[in-house]
Amino acid sequence: MTPLHFSFSSAFTLGLMGLAFHRTHLLSALLCLEGMMLSLFIALALWMLQFESTNFSTTPMLLLAFSACEASTGLALLVATARTHGSDRLQNLNLLQC
């Protein structure tokens, strides 16, 4: 395993562990998701440059577009949650009370 591959794998794993274990605020969960998507984008872009294949050259840009849509949806949910519940703590959210 090359050091570059190890660094992107560890960045993705750290984002996943942060998402799994530190679920106190919605903003921290969104940041962990963005870190995971950023590591996937950079790893996929470097993989495309390394193998010089043009068949899937638009794949990193498509992933980045979906990541931007995910970020905007997450921020809209964050604002809506902060307005209705007064906080972005995930413990305050309960789907049974809606």
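**Entry 1: the chain as a whole**

Among contacts in the protein chain between residues at least 6 apart in sequence, what percentage join residues at least 24 apart? I looked this up before anything else, and the value for the protein chain is 56%. I note here that I am working with a predicted model, and I read every value below with that in mind.

I then went through the secondary structure, where I found 3 helices and 0 strands, and from the N terminus on the elements run α-α-α. The radius of gyration came next: it is 17 Å, well over the 13 Å that the globule rule gives for 98 residues, so the chain is more spread out than a compact globule. Taken along the principal axes, the box that the C-alpha atoms fill is roughly 50 × 25 × 20 Å.

For the surface, I recorded that 18% of the 98 residues count as buried, and that the chain exposes about 7,300 Å², with carbon and sulfur atoms supplying 72% of that area.

**Entry 2: helix 2**

I turned to helix 2, which covers residues 26–51, and checked its length against its residue count. At 1.5 Å a residue its 26 residues should span 38 Å, and because the end C-alpha atoms are 38 Å apart, the two values agree. Just after the helix comes Glu-52, and its phi is positive, near 50 degrees.

Which residues of helix 2 are buried? I listed Leu-26, Ala-29, Leu-30, Cys-32, Met-36, Met-37, Ser-39, Phe-41 and Met-48. I then asked what these buried residues pack against, and the partners are helix 1 (3–21) and helix 3 (59–85).

**Entry 3: the largest pocket**

I looked next at the largest pocket, which has a volume of about 280 Å³. Its lining is made up of Thr-2, Leu-4, His-5, Phe-8, Ser-9, Phe-12, Ser-39, Leu-40, Ala-43, Leu-46, Trp-47 and Gln-50. The elements that give two or more residues to this lining are helix 1 and helix 2, and helix 2 gives the most, with 6 residues. I noticed that Ser-39 appears both in this lining and among the buried residues of helix 2.

**Entry 4: helix 3 and Thr-81**

I made the length check for helix 3 as well: its 27 residues should span 39 Å at 1.5 Å a residue, and the end C-alpha atoms are 38 Å apart, which agrees. Following this helix is Gly-86, whose phi is positive, near 85 degrees.

The buried residues of helix 3 are Pro-60, Ser-67, Gly-74, Leu-78 and Thr-81, and what covers them includes helix 2.

Why does Thr-81 count as buried? Its relative accessibility is 11%, and the cut-off for buried is under 20%, so Thr-81 falls on the buried side. I also looked up what Thr-81 touches, leaving aside its neighbours within four places in sequence, and found contacts with Leu-26, Gly-86, Ser-87 and Leu-93. Of these partners, Leu-26 is itself one of the buried residues of helix 2, while Gly-86 is the residue that follows helix 3.

**Entry 5: residues with more accessible area**

Is Thr-84 buried or exposed? Thr-84 is found in helix 3, and with a relative accessible area of 62% it is exposed. I also took its separation from Phe-41, which is 43 residues away along the chain, and the C-alpha atoms of the two are separated by 34 Å.

Phe-6, in helix 1, is likewise exposed, with a relative accessible area of 51%; the cut-off for exposed is over 50%. Between the C-alpha atoms of Phe-6 and Gly-86, which are 80 residues apart along the chain, the separation is 40 Å.

Ala-68 has its place in helix 3 and counts as partly exposed, at 47% relative accessibility. I compared its position with that of Met-48: the two are 20 residues apart in sequence and 21 Å apart in space, C-alpha to C-alpha.

Where is Ser-57 placed? It sits in the loop between helix 2 and helix 3, and at 42% relative accessibility it counts as partly exposed. From Ser-57 to Phe-8 there are 49 residues in sequence and 19 Å in space, C-alpha to C-alpha; Phe-8 is one of the residues lining the largest pocket.

How values were computed
Residues numbered from 1 in each chain as written. Predicted model: local features only at pLDDT ≥ 70, side-chain atom pairs only at ≥ 80, totals over all residues. Heavy atoms only, no water. Helix = DSSP H or I, 4+ residues; strand = E, 2+ residues; numbered from the N terminus. Expected span 1.5 Å × (residues − 1). Buried < 20%, exposed > 50% of the residue type's maximum accessible area, 1.4 Å probe, protein only. Contact = heavy atoms within 4.5 Å. Rg over C-alpha atoms; globule rule 2.2 N^0.38 Å. Areas by Shrake-Rupley, 256 points an atom, 1.4 Å probe, with all protein chains shown as cover. 1 Å grid on protein atoms, 1.4 Å probe; cavity = no way out; pocket = protein on both sides within 12 Å on 5 of 7 lines; lining within 4 Å. Points joined across faces, edges and corners; volume = space filled by probe spheres on them.
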